[in-house]
Amino acid sequence: VPMVAPGNVQVHVINSTLAKVHWDPVPLKTVRGHLQGYKVYYWKEQSLSRRSRRHVEKKILTFRGNKTFGMLPGLEPYSSYKLNVRVVNGKGEGPASPDKMFKTPEGVPSSPSFLKITNPKLDSLTLEWGSPAHPNGVLTSYILKFQPINNTHELGPLVEIRIPANESSLILKNLNYSTRYKFYFNAQTSVGSGSQITEEAVTIMDE
């Protein structure tokens, strides 16, 4: 098997899900056989928004021939990763380069896990929601938009409310009685808005 590890491993993080890794080629005489390529082993150490350590699954990408760089796609935003590089000949892999750590930046969050509308009154509704399963960063706020729908399914004026990220419920007041409302709800990080969920609910006709 090859005798030495690739040197000078560098990682350039391109965005929250993509990084580029560079390395110096090993001297050909240390390959001790036919150079087939380089393998990059990489794995997620932890999410930076949740301190949960789980089973670490190592991923491997093979770059054929005498390439000295490769792309790592499909990374998770706002996470810390480690990687190393090995040279490969027909017999197997050489030693691993020292582990290199890198971090991906924040991305936009997934949609809130649920939106529930309860306790209808004449002029109010109560909203409850769950935080996104994948915040992909630090949540900065929730955005609630809502508008009335009349009997002919036309949409009325849209109202937008920004809600602090640590809230999980809201009582909407000053609504019209016996009116159907449509709600659009999403979470935000500093990067932008995640995908929204929609829900409809009706205020009651009379007490």
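1. Arg 86 has a relative accessibility of 18% in this predicted model, and because buried means under 20% relative accessible area, Arg 86 counts as buried. Its side chain meets that of Glu 93 in a salt bridge, with an N to O distance of 3.7 Å.

2. Glu 93, the partner of Arg 86 in that salt bridge, is partly exposed, with a relative accessible area of 25%. The side chain of Glu 93 also meets that of Lys 39 in a salt bridge, here at 3.1 Å from N to O. Since Glu 93 lies in the loop between β6 (79–89) and β7 (100–103), while Lys 39 belongs to strand β3 (residues 35–47), the pair ties together parts that are 54 residues apart in sequence. Lys 39, Arg 86 and Glu 93 are thus to be read as a group, linked in a network of salt bridges.

3. Strand β3 also holds Lys 44, whose side chain forms a salt bridge with that of Glu 76 at an N to O distance of 2.5 Å. Glu 76 is placed in the loop between β5 (69–72) and β6, so this pair ties together parts that are 32 residues apart in sequence. As for the surroundings of the two partners, Lys 44 is buried, with a relative accessible area of 16%, whereas Glu 76 counts as partly exposed at 34% relative accessibility.

4. The pairs described above belong to a structure that holds six salt bridges. On the charges of the protein chain as a whole, there are 25 positive and 16 negative ones, and the mean positions of these two sets are 17 Å apart.

5. Turning to the fold, the protein chain has 15 strands and zero helices. Its radius of gyration is 26 Å, well over the 17 Å that the globule rule gives for 207 residues, and the chain is therefore more spread out than a compact globule. Along the principal axes, the C-alpha trace spans about 85 × 35 × 25 Å.

6. On burial and contacts, 41% of the 207 residues in the protein chain are buried. Among the contacts with a separation of 6 or more, 64% are between residues that stand 24 or more positions apart. The accessible surface of the chain comes to about 11,500 Å², and carbon and sulfur atoms account for 50% of that surface.

Definitions and conventions: Residues are numbered from 1 along each chain as its sequence is written. This is a predicted model: local features need pLDDT of at least 70, side-chain atom pairs count only at pLDDT 80 or more; totals for chains, interfaces and linings use all residues. Side-chain values use heavy atoms; hydrogens and water are left out. Helices (H or I, at least four residues) and strands (E, at least two) are DSSP runs, numbered from the N terminus. The radius of gyration is taken over C-alpha atoms; the globule rule is 2.2 Å times the number of residues to the power 0.38. Buried means under 20% relative accessible area, exposed over 50%, partly exposed in between (1.4 Å probe, protein chains only). Contact means heavy atoms within 4.5 Å. Accessible areas come from the Shrake-Rupley method with a 1.4 Å probe; for residues, only the protein chains shown count as cover. Lys and Arg count as positive and Asp and Glu as negative; His and the chain ends are not counted. The place of a charge is taken as NZ of Lys, CZ of Arg, CG of Asp or CD of Glu. A salt bridge is a side-chain nitrogen of Lys or Arg within 4 Å of a carboxyl oxygen of Asp or Glu.
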